[in-house]
Amino acid sequence: MQVSALSDDSAQSSTVPSRTRPSFLRSVWFELLGLLLFVAIFNLLSGIGHRLHDAGLVLLGMVLALVPAVLWLLFFYRMDRAEPEPKRLVIGVYLTGGLLAAALHGPLFGYLFAVDSWLSYAWWSELLGGILVVGMVAMAIVYVAVRVVVFDNPEFDERLDGILYAVAAGLGVATVHNFAYVLQHGGVDLGIGSIRMVTNTLGYACAAALLGYFLGQARFEKVPLFYLPLGVLLGGALAGLYFWILGQAGASSLTGDPWRDLLLGVFLALVTMAAVAWLVRRSNEETWRVSRLASDGDRWEKLPAQNSAAEGGS
């Protein structure tokens, strides 16, 4: 019974790595297609914005800021439909990330670091500031949101959950940054604004997904003390590099080709998510191999008869 149970468990475990990656990447593909459809629709309806007053433009901009995050949450939640996470936890992490970002955005970026006074000074200030200030603050918020709300919760029961919850927190951060952009500009153009919202959302979601991999590892593996700070640093570096690349391509000034910027953001998101999917699959397969070796090492196996006879004769 013990051997058969072990075989059944092993058979089930062996199927987990093969299912994780296709489901994850398929959800990413659908999400990106949904975002492109969202941009296309609002570009077709861009004429509506010219008929609205300032308050209407701001209100419409707020809707634009929310839609990409909602799409991400829906597709990522469906990705885990075999064992879906409780909606209250996913929404709770999203709201916690958003509330922390809203509370810290003004004090940190407006006063403590005063990024508007130096961030656009040169290409190196944009890169370093994007990584060490904007990216690091965003990923620290993601880490705190996941750690406080769900990290020790029994529902956090697989590595992929780390990515799901971290992305939810990252979407909260992205939503607040999109809100700030709308308020600073007194509304947004439906065409260019929708692209800006999507590229912002992609950047924070991808960086959070990388940090989510580290959170998933730390939840189920014994890791050194520097492991999670390293995840925050790498996630911040990815976010800063992503926005710097788009800035160099002309996205931040909105003077370049917005569709080119969108396609570049989609490409960077695909590369990042494929890398994270590979890391998750690799970790799951390694865990399965180690558990299989451990269980095989404890299993008693009867020696062949000829070996037993030879030993008795000697």
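Start your tour in the loop between α3 and α4, and select Ala114 there. You are looking at a predicted model. Ala114 has a positive phi of about 45 degrees, although it is not a glycine. Is Ala114 buried or partly exposed? Its relative accessibility is 25%, so Ala114 counts as partly exposed.

**Along α4**

Next, colour helix α4, residues 123–149. This helix has 27 residues. From its first C-alpha to its last, α4 reaches 37 Å, close to the 39 Å expected at 1.5 Å a residue. Now put Gly130 in the centre of your view: α4 bends here by about 40 degrees.

**The largest pocket**

Keep α4 coloured and turn on a pocket display, if your viewer has one. A probe the size of a water molecule, rolled over the atoms, shows where empty space is left. The largest pocket has a volume of about 990 Å³. Its lining is made up of 30 residues, and the closest to the centre are Asp116, Leu119, Val134, His177 and Arg196. Select those five to find the middle of the pocket.

Then widen the view to the helices around it. Two or more lining residues come from each of α3 (87–112), α4 (123–149), α5 (159–184), α6 (190–220) and α7 (227–248). Which helix gives the largest share? That is α7, with six residues of the lining. If you colour the lining by class, you will find 14 nonpolar, 13 polar and three charged residues.

**The largest cavity**

From the pocket, move on to a cavity. The structure holds one cavity of 30 Å³ or more. The space in the largest cavity comes to about 40 Å³. To see its walls, select Ala101, His105, Phe109, Val134, Val137, Ala138, Ile141, Val173 and His177.

You have already met two of these names: Val134 and His177 line the cavity, and they are also among the residues closest to the centre of the largest pocket. At least two residues of the cavity lining are supplied by each of α3, α4 and α5. Here the largest share, four residues, belongs to α4, whereas in the largest pocket it belongs to α7. What is the make-up of the cavity lining by class? Seven of its residues are nonpolar and two are polar, with no charged ones.

**A salt bridge**

Now hide the cavity and show Glu221 and Arg159 as sticks. Side chains of opposite charge can pair when their charged atoms come close. In this model the count comes to one salt bridge. Glu221 forms it with Arg159, and the closest N and O atoms are 2.4 Å apart. The pair links distant parts of the chain: Glu221 sits in the loop between α6 and α7, while Arg159 belongs to helix α5, 62 residues away.

Switch on a surface to compare the two partners. Glu221 counts as partly exposed because its relative accessibility is 35%. Arg159, with a relative accessible area of 9%, is buried.

**Last stop: Val28**

Finish in helix α1, residues 2–44, where you will find Val28. With a relative accessible area of 1%, Val28 is buried. Select Ala269 as well and draw a distance between the two C-alpha atoms. How far apart are Val28 and Ala269 in sequence and in space? They are 241 residues apart along the sequence, yet 8.9 Å apart in space from C-alpha to C-alpha.

Key
Residues are numbered from 1 along each chain as its sequence is written. This is a predicted model: local features need pLDDT of at least 70, side-chain atom pairs count only at pLDDT 80 or more; totals for chains, interfaces and linings use all residues. Side-chain values use heavy atoms; hydrogens and water are left out. On a 1 Å grid over the protein atoms alone, a cavity is a set of points where a 1.4 Å probe fits but cannot get out, and a pocket is an open set with protein on both sides within 12 Å along at least five of seven lines; lining residues have an atom within 4 Å of a point. Grid points are joined across faces, edges and corners, and a volume is the space filled by probe spheres set on the points. Ala, Val, Leu, Ile, Met, Phe, Trp, Tyr, Cys and Pro count as nonpolar, Asp, Glu, Lys and Arg as charged, and the others, Gly among them, as polar. The expected span of a helix is 1.5 Å times one less than its number of residues. The bend at a residue is the angle between axes fitted to the seven residues ending there and the seven starting there. Buried means under 20% relative accessible area, exposed over 50%, partly exposed in between (1.4 Å probe, protein chains only). A salt bridge is a side-chain nitrogen of Lys or Arg within 4 Å of a carboxyl oxygen of Asp or Glu.
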